[in-house]
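Dear colleague,

I am handing over the structure we spoke about, with notes on what was found in it. Please look through it first and then read on.

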Amino acid sequence: MSSPEIASLSWGHMKVKGCSSSYKDCKVWPGGSRAWDWRETGTNHHPGVQPADLEEVLKKGVELLIIGRGMSEALQVPSSTLDFVKQNGVDVRVFQTEKAVAEYNKMAVQGAKVGGVFHSTC
């Protein structure tokens, strides 16, 4: 199963190929995507992305996880969260969201088992 490309990104709006919904923040993995609702885990810009935000994507068999920190990189990614991903045997890369989406799409087109979590505003 391939990872769906992200068709478009603008402030507060993301569209994933093959999905009729649009997202503000989203999670993607081989074969699917869904909204990333921070309220599920109590996530905020500080301290930032938590392991609980990533567990679902990691369980989908990804070998690479890309995290988009927002357009102005306001979303933090603690080193403990990066350690959690690596302890699960998954490579992780963190970028400003536009760069993260470009990297994710590049890897998806190459057929990599890539997943991502992307914040599309600040």
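Is Glu-56 buried, exposed or partly exposed? Glu-56 is partly exposed, with a relative accessible area of 24%, where buried means under 20% relative accessible area, exposed over 50%, and partly exposed in between, for a 1.4 Å probe and protein chains only.

Before the rest, two remarks on conventions. This is a predicted model, in which local features need pLDDT of at least 70 and side-chain atom pairs count only at pLDDT 80 or more, while totals for chains, interfaces and linings use all residues. Residues are numbered from 1 along each chain as its sequence is written, and side-chain values use heavy atoms, with hydrogens and water left out.

Glu-56 belongs to helix α1, helices being DSSP runs of H or I with at least four residues and strands runs of E with at least two, numbered from the N terminus. Leaving aside neighbours within four places in sequence, Glu-56 is in contact (heavy atoms within 4.5 Å) with Lys-27, Trp-29 and Arg-34. With the side chain of Arg-34, the side chain of Glu-56 makes a polar contact at 2.8 Å; such a contact is a pair of N or O atoms within 3.5 Å, of which, within protein, one must be able to donate a hydrogen and the other to accept it, and residues adjacent in sequence count only if both atoms are side-chain atoms.

In the same helix, which spans residues 51-58, Asp-53, Leu-54, Val-57 and Leu-58 are buried. They cover an arc of only 125° around the axis, which puts them on the same side of α1, the arc being that of the directions from the helix axis to the C-beta atoms. The cover over these buried residues includes β4 (25-29), β6 (64-68), α2 (79-87) and β8 (114-119).

The largest nonpolar core (buried Ala, Val, Leu, Ile, Met, Phe, Trp, Tyr and Cys residues joined through side-chain atoms within 4.5 Å) has 18 residues, and Leu-54 and Leu-58 are among those with the most contacts inside it. Two or more residues of this core come from each of α1, β6 and α2. A second, separate core of 15 residues includes Val-16, Leu-64, Met-107 and Val-114.

Finally, Ser-120, in the segment after β8, is buried, with a relative accessible area of 0%. A polar atom of the Ser-120 side chain lies 3.4 Å from the backbone nitrogen of His-13.

With kind regards
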